[in-house]
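Hello,

Here is the structure I promised to pass on. Please open it first, then read my notes below.

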Amino acid sequence: MVFNMKKRLLFGIIIINSTLFFGQSVSKTIQLLPDTGQTTSYTTTFGEDHDYLINTPSYTNNGDGTITDNVTGLMWQKVDGGEMTIENATTYCDNLVLGGHSDWRLPTPIEAHSILIHENGNPAINTTYFTPTGAEYWWTSVYENNSTTKVWVANSGGGIGNHLKTETSSAGGTKKFHARAVRNISTPTTITNHFTDNGDGTIKDNLTQLIWQKVPNNSALTWENALTYAEGLSLANESDWRLPNIKELQSLNNELATNPSVFSPYFSSLGTKKYWSSTTLRPNNSNPSSAWYWYTQYGITTYDVKTNSNYVICVRGNPTLAVKQEKLQSSIKLYPNPASDYVLISFPNDIPSAKIELADPLGKVIINKQIKINASEYRFNTDGISDGIYYLSVQSGYKKDTFKVVIKKK
């Protein structure tokens, strides 16, 4: 039986600067962290990746050889530049002129990992938007800590890791390392402090707005038991803890540290261990026996058999930003979505009035109003609201439904 209950969480994501050390500021280059795209359920135990919808991957083909990621706000090259050395990849991206833009670059590790789709097999990308090229890996701009020979690369199978730059065929190796360029649509802003110790056994990531368990579970668990442990955790007077998906887990990685590859002193208790994610490795057959994990020796993401035992660090959304949806189906409907100038809200017949609230991805309320419902539909005007992802809450009595709305002007 497939357990298809969903929870929806909202949080912002900001990416680390490649020069980050403890106490320094970081640069925000990503608006939100996309989901892994895993829509298949692999267990009846609640808490797997499938059971949480956070920011569903969404893309726009710009028709000029570029793809906009509507979740991160980054623009990507549709067809990667092909196999090349890391040195040539850097030069290629720096000199690329595409879609009328010349500010292209190689992505950072978290950016490269963000467009992987873990519902798909190799290549683990959305092939409707990104053209398959036979790439086995895609270069990032970051070298392994204290190394001039190893570079972080995203794997077409869905992982990320540090590889010798000589492994690519044009450097004498046998594998295909390609370059896919990226650019910022908006000018990045600066966040002063990366983490905050809340003093209650939790750490707030001021970039992702996620709250993390400071001291992980001291016993290794099988994957199924890890899901159960995370869902049952009560910490800092909160009980909505869960096992992170592989993109959330990878967001904790510090490429400037090894053994462990964590941000000290905040996560020094993690040690050099393997930590389960909630994301199942897409099976090549009907037996989904493995799940993704993060290994803090260097920070790679790879997979292990679910019956083996690994460690657990739990996560929860920022309570001021989190949007929970625990119903199987709402009686209130929204359409069209994506929307342009208006959104129609369809109500059941027994609701006389409601409060509607529109918030941006960082939780800032843009519109807050009380409405009377005189018909089965209410026309919510979105004139004057710029393109982007928003969250529309509709509250009637004690019941509140929250919907993700994508606004695209014609």
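Contact here means heavy atoms within 4.5 Å. Keep in mind that this is a predicted model.

With that cut-off, take Leu392. Leave aside its neighbours within four places in sequence. Leu392 is then in contact with Leu334, Ile345, Glu357, Leu358, Phe380, Asp401, Thr402, Phe403 and Val405.

Leu392 also belongs to the largest nonpolar core, which has 21 residues. It is listed there among those with the most contacts inside the core, along with Ile332, Leu334, Ile345, Phe347, Phe380 and Val394. Several strands feed this core. At least two residues each come from E21 (342-346), E22 (353-359), E24 (377-381), E25 (388-396) and E26 (399-407). There is also a second, separate core, with 18 residues. Ile246, Leu249, Tyr275 and Trp294 are included in that one.

Next, the pocket. The largest one has a volume of about 710 Å³. Its lining takes in 31 residues. Nearest its centre lie Gln31, Gly73, Ser186, Asp387 and Gly388. Which strands supply at least two residues each of the lining? They include E5 (66-69), E25 and E26. E25 gives the largest share, three residues. So E25 and E26 turn up twice in these notes: each supplies at least two residues of the largest core, and each does likewise for the lining of the largest pocket. By class, the lining has eleven nonpolar, 14 polar and six charged residues.Now the backbone. Two cis peptide bonds deserve a look. One joins Asn259 and Pro260, with omega about 5°. Another joins Ser264 and Pro265, with omega about 0°. Pro260 is found in the loop between helix H4 (246-250) and strand E16 (274-280). Pro265 is placed in the loop between H4 and E16 as well.

Two residues other than glycine have positive phi. For Gln209, phi is about 65°. Gln209 lies in the loop between strand E14 (202-205) and strand E15 (210-213). For Asn237, phi is near 65°. Asn237 sits in the loop between helix H3 (223-232) and H4.

Are these two buried or exposed? Gln209 has 16% relative accessibility, and therefore counts as buried, since the cut-off for buried is under 20%. Asn237 has 81% relative accessibility, and therefore counts as exposed, as exposed means over 50%.

Best wishes

How values were computed: Residues are numbered from 1 along each chain as its sequence is written. This is a predicted model: local features need pLDDT of at least 70, side-chain atom pairs count only at pLDDT 80 or more; totals for chains, interfaces and linings use all residues. Side-chain values use heavy atoms; hydrogens and water are left out. Helices (H or I, at least four residues) and strands (E, at least two) are DSSP runs, numbered from the N terminus. Buried means under 20% relative accessible area, exposed over 50%, partly exposed in between (1.4 Å probe, protein chains only). A nonpolar core is a set of buried Ala, Val, Leu, Ile, Met, Phe, Trp, Tyr and Cys residues joined through side-chain atoms within 4.5 Å. On a 1 Å grid over the protein atoms alone, a cavity is a set of points where a 1.4 Å probe fits but cannot get out, and a pocket is an open set with protein on both sides within 12 Å along at least five of seven lines; lining residues have an atom within 4 Å of a point. Grid points are joined across faces, edges and corners, and a volume is the space filled by probe spheres set on the points. Ala, Val, Leu, Ile, Met, Phe, Trp, Tyr, Cys and Pro count as nonpolar, Asp, Glu, Lys and Arg as charged, and the others, Gly among them, as polar.
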